[in-house]
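Colleague: Could you take a close look at one part for me, the surfaces where the pieces of this model meet? Please spell out the cut-offs as you go.

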2 protein chains.
Amino acid sequence: MPDDDWTPPPVLLAVDLVIFTLIDSTLHVLLVERGIEPFQGDWALPGGFLEDEREAVLAAAHRELMEEANLDATQLHLEQLGAYGEPDRDPRGRVVSVAYLAIAPGLPEPRAGTDAAHARWVPVPDVLGGSIKLAFDHETILHEGLERARAQLEHTAIATAFCDETFTINELQRVYEAVWGVALDLRNFYRKIQAVDDFIVPVGAERRTGKGRPARLFKAGSRTTLYPPLVRPSPATASEGNG
Amino acid sequence: MPDDDWTPPPVLLAVDLVIFTLIDSTLHVLLVERGIEPFQGDWALPGGFLEDEREAVLAAAHRELMEEANLDATQLHLEQLGAYGEPDRDPRGRVVSVAYLAIAPGLPEPRAGTDAAHARWVPVPDVLGGSIKLAFDHETILHEGLERARAQLEHTAIATAFCDETFTINELQRVYEAVWGVALDLRNFYRKIQAVDDFIVPVGAERRTGKGRPARLFKAGSRTTLYPPLVRPSPATASEGNG
DNA sequence: TCAAAAGTGTTATCATTACACCCATGT
DNA sequence: ACATGGGTGTAATGATAACACTTTTGA
């Protein structure tokens, strides 16, 4: 037991961001090439240290989101994944990182921030395939971010966070397919989604792609939680389509 | 942007524990009466600061579990809930707390630790009812711990973590009922649970309570994830039985 | 023989799946 | 007309819910 004069050891607090978006129906994550040691030249999740003693952790996530991805956090889905604090995860000292999951719509332009030489949207299957090595424990964080996103698609309406203001049902379906890594029957999906009250609401307009019948446009409804959940196909049974 | 000499501000790292157990078919959480300021005399979740620079966060959770609840973490379900780091959550300074959810079986003896005057198992409905005020942001943490436990019952086999080595199906059902706050049909529950491969395995023995037909005893099987999930009744529809 | 708790059978209902089919548009 | 993608109908299957009923024990 510590004596009376004992004070707790200080640690450095960082935030790391798992930012997902959909590009060409494939899930992408924003990675930055590290410009400084440690792990200089390797790819890492965007993130950084708390700026000052008074900054809230969530505020730091907002700030990094803007600095490194040029994304306005107030427009985005952003939720905490957890804390990662293994004593030796950062060679510079005792760093505890709070990781966040962010979901961005459309095709945002990545923009390299201050301490990142380059930022790039990388297809998640490429990272999971092991062809890209991540710095620190960022591969673990990415995995847990992906699993969280998959689970959230079942229980909440975050799928719309991947889409623009208005979207078609097929665009929404591609979100589910890309994140879950499965192929879904579009006809069943169509009704299942519409059967959920206030998940998506028709906006009255249509989108014509030049081919085929125009698709109705929808916007996100007021519902945030899905009950009953949209249970994803069993990982064992899943046909692992998409890429 | 910070200048070149800038170093990140240090924070103090704490762990807090949401330890659940079942007593008389009611969900209880371990609370300690704070012996020191701030919030002296109030009830709080057990927890404490990181002991030294080299201690892993999870190890600190293990240590506090033993110190404050006399529970061996290696025998318990223990998972991280997340980090709580609002700048003003602790008047002593910038403290970021990593919260853990722990689930203990049976009727463990609480044991007051070093910096806790008293430790007590408190019925969760009492705390949620607002009759007990919690220190810091511990009410938020408790809520999120409860929600996590509820969700985990749907998707994983943690229900067995509330039970002793061997248990009856009815004991398992009371876990679900107490945590979800609903009443379940025992006959449907009986089959549903047994239909899940390797969730529980019969141990061959029986338990006689003195009344009625003896119940078969089971132990936890090798399965950890439940697919398809055991979807809990809708919160809106739930009859909110139990207490 | 009765109360109490364990465990089984059966049916209605609901959700999911699979897939045939029709609709609206551009070329 | 036909290709293409949007959208509807429907029957089979599987999971859930409701509840009547049988079994095994202690008193």
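**Surfaces up close**

Modeller: Sorted by class, the surface near DNA strand D has 4 nonpolar, 5 polar and 11 charged residues. Here Ala, Val, Leu, Ile, Met, Phe, Trp, Tyr, Cys and Pro count as nonpolar, Asp, Glu, Lys and Arg as charged, and the others, Gly among them, as polar. "Near" means that a heavy atom of the residue lies within 4 Å of the molecule or strand.

Some ground rules before going on. This is a predicted model, and local features need pLDDT of at least 70, side-chain atom pairs count only at pLDDT 80 or more, while totals for chains, interfaces and linings use all residues. Residues are numbered from 1 along each chain as its sequence is written, chains are lettered from A and ligands numbered from 1 in the order in which they are written, and side-chain values use heavy atoms, with hydrogens and water left out.

Back to DNA strand D: it has 20 residues around it, and the closest are A:Arg191, A:Gly212, A:Arg213, B:Arg187 and B:Gly210. Sugar or phosphate makes up 54% of the strand D atoms within 4 Å of the protein, and bases make up the rest. A few atom pairs are worth zooming in on, using polar contacts (N or O atoms within 3.5 Å; within protein, one must be able to donate a hydrogen and the other to accept it, and residues adjacent in sequence count only if both atoms are side-chain atoms). A:Arg191 puts a polar side-chain atom 2.7 Å from a base oxygen of DNA strand D. For B:Arg187, a polar side-chain atom sits 3.1 Å from a base nitrogen of DNA strand D. B:Gly210 uses its backbone: an N or O atom there is 3.1 Å from a sugar or linking oxygen of DNA strand D.

Which elements supply this surface? Those giving two or more residues are α5 and β10 (215–220) of chain A, together with α5 of chain B. By elements I mean DSSP runs, numbered from the N terminus: helices (H or I, at least four residues) and strands (E, at least two). The largest share, 4 residues, comes from α5(B).

Now DNA strand C. Of the 20 residues around it, A:Arg187, A:Asn188, A:Gly210, B:Asn170 and B:Arg191 come nearest. Of the strand C atoms that come within 4 Å of the protein, 56% are accounted for by sugar and phosphate. A base oxygen of DNA strand C is 3.3 Å from a polar side-chain atom of A:Arg213. On the backbone of the DNA, an N or O atom in the side chain of B:Asn170 is 2.9 Å from a phosphate oxygen, and one in the side chain of B:Tyr190 is 2.9 Å from a sugar or linking oxygen. At least two residues each come from α5 (186–195) of chain A and from α5 (186–195) and β10 (215–220) of chain B, and α5(A) gives the most, with 4 residues. By class, this surface divides into 4 nonpolar, 5 polar and 11 charged residues.

Since β10(B) turned up there, a word on its sheet. Three strands of chain B form an open sheet in the order β8-β10-β9, with antiparallel pairing. β8 (166–167) and β9 (200–207) of chain B are at the edges with a single partner strand each, so one side of each has no neighbour in the sheet. Two strands count as paired if DSSP finds at least two bridges between them. β8(B) and β10(B) have 2 bridges, with B:Thr166 opposite B:Lys219. β9(B) and β10(B) are joined by 5 bridges, and B:Ile200 has B:Ala220 as its bridge partner.

Last, the protein–protein surface. Contact (heavy atoms within 4.5 Å) links 35 residues of chain A with 35 residues of chain B. The two chains bury about 3,100 Å² between them, 64% of it on carbon and sulfur atoms; that is the accessible area (1.4 Å probe) lost on being put together, summed over both. In chain A, A:Glu53, A:Arg94 and A:Tyr227 lose the most area to chain B, together 18% of what that side buries. Across this interface there are 12 residue pairs in polar contact, both at pLDDT 80 or more. On the chain A side, β1 (10–23), β5 (77–84), β6 (95–103) and α3 (138–155) give two or more residues, and β1(A) gives the most, with 4 residues. The classes on that side come to 20 nonpolar, 6 polar and 9 charged residues. β1(A) also runs antiparallel to β1 (residues 10–23) of chain B, joined by 3 bridges; A:Leu12 has B:Pro10 as its bridge partner there.
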